[in-house]
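User: Please take a close look at a single part of this structure and then relate it to the rest of the chain. A connected account, residue by residue where possible, would be most useful at the bench.

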Amino acid sequence: MTDYATILVTRDDRVGLITLHRPKALNALNTELMNEVVSAATELDADAGIGAIVLTGSERAFAAGADIKEMSSQGYADVVNQQFFAAWDNLTRLRTPIIAAVTGYALGGGCELAMLCDFIIAGENAVFGQPEINLGVIPGIGGSQRLTRAVGKSKAMDMVLTGRQMKVDEAERSGLVSRVVPTDQALSTALDAAKTIAGKSALASAAAKDAVNRAFESSLAEGVRAERALFYATFATDDQTEGMAAFVEKREPNFTHR
Ligand code: CO8
């Protein structure tokens, strides 16, 4: 696999693992790290042998936000002309399910990066927040939109306007994270979930991911129509034939597309 400067990339059978690795900066997200994460995730996504991806950081920090030292000297023209941080949007185009395993700080861009993933499994020490307001800016990688959809307007306004941190029990209660587990089990739990997903039909999981995402991008009626079209399309796959035959024959399915 490609060598990267700011991340580590490994794979175990059908699961790819991307680990943010700028320990001295609490995994602060600079341009190099963004380009490397996007490149690694795109490469894993294109690999038919990969059925799910996990993105994680360190126990102390998933990521403490965008790199403030990199941003501090930038002006309006700089960020506009570079379309600063727009490349993170590429993660929304992955077909392969991607899980964030979050321990420690997930602040600012770190919280936004976790929310760019399909779901978040958090360790008990995880802390979420959008503290950009303390720096005189606002979230810029979708935080104002994804946090609002995840936890609702009142709590999102509270987080974004005060910059306060949210501990993991509140994050679970609010629906920001799917599961909370002991800190030292966050990564293994996410890898287990990824392994489970990677054992399903990749065609079905891509359709399922697409369908759930429609809930955020369309009206209810359009979303339901899109879901139905995707559901019907699964009947064109050999994995549908195999999955249903296996149930009837009381055996494990042997999907072709995984
Ligand atoms: N950027 C750069 N360096 C950082 C960052 C960061 N976001 N966070 C921590 N570091 C560095 C520190 O400077 C320090 O480095 P050094 O040892 O060289 O001084 C090292 O990491 C360790 O940090 P601390 O000593 O501060 O560790 P503490 O345990 O005392 O505190 C905190 C941990 C609370 C996480 C603290 O570091 C902190 O508050 N960090 C900043 C959090 C923050 O404000 N994040 C939001 C950043 S803005 C953002 O994400 C905007 C995203 C949208 C941009 C899109 C543009 C289009």
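Analyst: In this predicted model, the part chosen for close inspection is an open sheet of four strands, arranged in the order S4-S6-S8-S9 with mixed pairing. Its edges are formed by strand S4, residues 61-63, and strand S9, residues 165-167, each of which pairs on one side only. On average, neighbouring strands of this sheet are turned by 20° against each other, direction ignored.

Within the sheet, strand S6 (residues 105-107) and strand S8 (residues 127-129) run parallel and are joined by three bridges. In this pairing, alanine 106 stands opposite phenylalanine 128 of S8. Helix H4, comprising residues 109-116, lies across S4, S6 and S8, and its direction makes an angle of about 95° with S6.

The ligand is considered next. It is surrounded by 24 residues, and the closest of these are Arg60, Ala64, Ala66, Ile68 and Gly109. Gly109 thus appears among the closest residues, and residue 109 also belongs to the range of helix H4, residues 109-116. Several polar distances can be given for the ligand. A nitrogen atom of the ligand lies 2.9 Å from a backbone N or O atom of alanine 64. For alanine 66, a polar backbone atom is 2.8 Å from an oxygen atom of the ligand. Lysine 69 takes part through its side chain, where an N or O atom is 3.1 Å from an oxygen atom of the ligand. Taken alone, the ligand exposes 1,100 Å², of which the protein buries 65%.

A second open sheet contains six strands in the order S1-S2-S3-S5-S7-S10, again with mixed pairing. Here the edge strands are S1 and strand S10 (179-181), each pairing on one side only. Neighbouring strands of this sheet are turned by 20° against each other on average, direction ignored.

Strand S2 deserves particular attention in this sheet. Six of the six residues of S2 (residues 15-20) are buried, so the strand is largely enclosed by the rest of the structure. In a regular strand the side chains alternate between the two faces of the sheet. In S2 both faces are covered: Val15, Leu17 and Thr19 are buried on one side, and Gly16, Ile18 and Leu20 are buried on the other.

S2 has partners in S1 and S3. Strand S1 (residues 7-12) pairs with S2 in the antiparallel sense over six bridges, and isoleucine 7 has leucine 20 of S2 as its bridge partner. With strand S3 (residues 52-56), S2 runs parallel, and five bridges join the two strands; leucine 17 stands opposite valine 54 in S3.

The hairpin of S1 and S2 has two residues between the strands, and aspartate 13 lies in this loop. Most residues other than glycine have a negative phi. Aspartate 13, by contrast, has a positive phi near 55°. With 60% relative accessibility, above the 50% cut-off, aspartate 13 counts as exposed.

A positive phi is also found at phenylalanine 85, with a value of about 70° although the residue is not a glycine. Phenylalanine 85 sits in the loop between helix H3 (76-82) and strand S5 (98-102). Its relative accessibility is 7%, and because this is under 20%, phenylalanine 85 counts as buried.

Two further positions complete the account. Lysine 195 belongs to helix H8, residues 186-198, and is exposed, with a relative accessible area of 60%. Lysine 195 and arginine 14 are 181 residues apart in sequence, yet their C-alpha atoms are 7.1 Å apart in space.

Serine 174 is located in the loop between helix H7 (168-173) and S10. At 14% relative accessibility, serine 174 counts as buried. A polar atom of its side chain lies 2.5 Å from the backbone oxygen of glutamate 170. Leaving aside neighbours within four places in sequence, serine 174 is in contact with Ala150, Val151, Lys155 and Met166. Met166 leads back to the four-stranded sheet, as residue 166 falls within the range of edge strand S9 (165-167).

Technical notes
Residues are numbered from 1 along each chain as its sequence is written. This is a predicted model: local features need pLDDT of at least 70, side-chain atom pairs count only at pLDDT 80 or more; totals for chains, interfaces and linings use all residues. Side-chain values use heavy atoms; hydrogens and water are left out. Two strands pair if DSSP finds at least two bridges between them. Axes are lines fitted to C-alpha atoms, for helices over the stretch in contact, and angles run from 0 to 180 degrees between N-to-C directions. Contact means heavy atoms within 4.5 Å. A residue is near a molecule or strand if one of its heavy atoms lies within 4 Å of it. A polar contact is a pair of N or O atoms within 3.5 Å; within protein, one must be able to donate a hydrogen and the other to accept it, and residues adjacent in sequence count only if both atoms are side-chain atoms. Accessible areas come from the Shrake-Rupley method with a 1.4 Å probe; for residues, only the protein chains shown count as cover. Buried means under 20% relative accessible area, exposed over 50%, partly exposed in between (1.4 Å probe, protein chains only).
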